[in-house]
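Got the viewer open? Let's take a walk through this one, a stop at a time, with something to select at each.

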Amino acid sequence: MSGFNKVVNSYEEAMAGLEDGMTVIAGGFGLCGIPENLIKQIRTMGTKDLTIVSNNCGIDGFGLGILLVDRQIKKMISSYVGENALFEQQLLAGELEVELTPQGTLAEKMRAGGAGIPAFYTATGYGTPVGDGKEVREFNGRHYIMEESITGDFAIVKGWKADTYGNVVYRDTAQNFNPMAATAGKITVVEVEEIVEPGELNPSEIHTPGIYVNRVIKGTFEKRIEQRTVRQG
Amino acid sequence: MALSREQMAQRVARELQDGFYVNLGIGIPTLVANYVPAGIEVMLQSENGLLGMGPFPTEDEIDADMINAGKQTVTAATGASIFSSAESFAMIRGGHVDLTVLGAFEVDVNGNIASWMIPGKLIKGMGGAMDLVAGADNIIVTMTHASKHGESKLLTECSLPLTGRGCIKKVLTDLAYLEIEDGAFHLKERAPGVSVEEIIEKTEGKLIVPDNVPEMTFA
């Protein structure tokens with residue numbers, strides 16, 4: 001690597017430094033916009049006792065679901081984990097810990113983590129099991145709970161295009177959690193469909209500025225669809 | 001006759017106003033999109049990060065990068081915008097969405113809602129429901145009035161773990177449309193052919209019944 005060139009040429013290099021017990025923040029919503037090849041690399045590496053922060057945990061055999069096969073995940077921090085039989089089995093057997101977090105709170109925890117804000121107050125979850133044990137404060141007559149932000153040892157992100165400096169653009173709703181995840185990793189790895197030269201992306205249209213990004217890799221993606229719904233054309 | 005799912009969606013759709021930004025939950029709420037009254041414009045918000053959700057795609061239009069909060073493939077409507085999940089929940093939490101429609105297991109006289117967790121059953125998660133109920137001022141809950149075993153879902157106090165506290169003011173069930181105010185359900189409309197007596201019998205929480213309860217009409 002030289003200067004601002006963040007491009008790496010192998011998935012080994014992309015995930016180098018990941019160790020047992022680390023926290024990994026992953027972008028994606030369902031199977032949309034997930035860093036599918038970076039996840040496969042974690043599976044290949046066999047890294048254990050991971051804490052994974054991601055809205056969902058993939059499905060059986062795809063996405064983060066593949067990290068369950070060899071019990072690589074110790075803890076999931078997610079808003080919804082309902083699409084996965086192996087997940088259910090490991091959860092019921094007590095082999096997997098889950099911290100269910102409201103979706104907006106999860107997004108904000110990542111955003112705040114990346115922005116250097118250690119905690120924030122939100123009305124979401126007040127008076128529910130999510131608020132149990134958390135500090136409550138009243139502002140303008142309404143109750144809010146304090147939520148702590150999240151940072152990760154690694155963030156794994158799926159972009160559409162990046163330039164070699166690590167400026168990233170997302171495509172359609174594959175954006176989802178990716179921009180926040182990108183800000184919240186000590187090491188942020190972005191895999192994209194296309195890498196272009198600096199200057200080719202419009203500076204006004206960049207979603208994730210390169211300052212957040214440590215490594216960029218070009219991948220090929222299956223992009224599996226979870227709920228294929230169509231209308232008659 | 002109790003309302004069908006389609007009739008419930010049709011009734012909710014009458015609450016839509018021109019220029020509304022609307023978030024529709026999964027299930028009956030999703031069907032509301034099929035009954036937007038003629039002559040008004042609404043924009044649908046999908047909490048994964050889409051404002052201006054269009055119809056499902058044709059076979060040719062299917063795109064894995066374009067989904068809604070139910071993880072179904074969708075299209076973007078003309079004038080749509082796409083953004084991050086943090087931005088999406090800033091809209092929701094910040095009270096910018098005009099109407100939210102979602103399902104529930106139970107609602108009580110104090111506007112509490114339980115919709116995500118049944119102890120003893122596997123817990124899948126709350127998704128965005130807690131953020132939606134905490135952030136929206138105008139929420140309509142759609143659900144059946146009673147369980148299959150006849151147990152009321154309109155209660156003095158929710159028995160299940162809550163999704164949100166004191167946030168629900170409007171409920172549409174298969175039997176009635178009710179509003180919640182001052183610690184009671186207020187019966188506003190009844191489904192065609194459903195008697196006030198049946199509604200009273202199936203409402204466990206305090207219910208205020210006016211002298212005249214109009215029947216809903218459907219074209």
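In what order do the three strands of the open sheet in chain B stand? Select them and you'll read β7-β6-β9, with mixed pairing. Bear in mind as you click around that this is a predicted model.

Now color the two outer strands. β7 (113-114) and β9 (154-155) of chain B sit at the edges with a single partner strand each, so one side of each has no neighbour in the sheet. Next, pick β6 of chain B, residues 106-108: two bridges join this strand to β7(B), and the two run antiparallel. To see how they line up, show B:Glu106, which stands opposite B:Ala114 in β7(B).

Stay in chain B and go for the core. The largest nonpolar core has 53 residues, and the ones with the most contacts inside it are B:Val107, B:Val141 and B:Ile168. Center on B:Val141 and show what surrounds it. Leaving aside neighbours within four places in sequence, B:Val141 is in contact with residues including B:Leu102, B:Gly103, B:Ala104 and B:Ile113. Two more on that contact list are B:Val107 and B:Ile168, which you have just met as core residues.

Time to hop over to chain A. Select helix α2, residues 36-45, and show its buried residues: A:Glu36, A:Asn37, A:Leu38, A:Ile39, A:Gln41 and A:Ile42. What do the buried residues of α2(A) pack against? Turn on α1 (11-14), β2 (50-53), β8 (152-158), β11 (185-192) and β13 (215-218), all of chain A, and you have the elements they pack against. Then step off the end of the helix: α2(A) is followed by A:Gly46, which has a positive phi, near 75°.

Last stop, the place where the chains meet. Select the contact residues and you should have 47 from chain B and 50 from chain A. The area buried between the two chains is about 3,900 Å², and carbon and sulfur atoms give 61% of that. On the chain B side, B:Asp65, B:Lys71 and B:Lys124 lose the most area to chain A, together 19% of what that side buries.

How many salt bridges does the rule find across this interface? There are five. For one pair to zoom in on, try A:Arg171 and B:Asp63: they form a salt bridge, with the closest N and O atoms 2.5 Å apart. Polar contacts across the interface come to 25 residue pairs. Finish by highlighting α3(B), which gives four residues, the largest share of the chain B side that touches chain A.

Methods
Residues numbered from 1 in each chain as written. Chains lettered and ligands numbered in written order. Predicted model: local features only at pLDDT ≥ 70, side-chain atom pairs only at ≥ 80, totals over all residues. Heavy atoms only, no water. Core = buried A, V, L, I, M, F, W, Y, C linked by side-chain atoms within 4.5 Å. Buried < 20%, exposed > 50% of the residue type's maximum accessible area, 1.4 Å probe, protein only. Contact = heavy atoms within 4.5 Å. Pairing = 2+ DSSP bridges. Buried area = accessible area lost by both parts, 1.4 Å probe. Salt bridge = Lys/Arg side-chain N within 4 Å of Asp/Glu carboxyl O. Polar contact = N/O pair within 3.5 Å; in protein donor to acceptor, adjacent residues only side chain to side chain.
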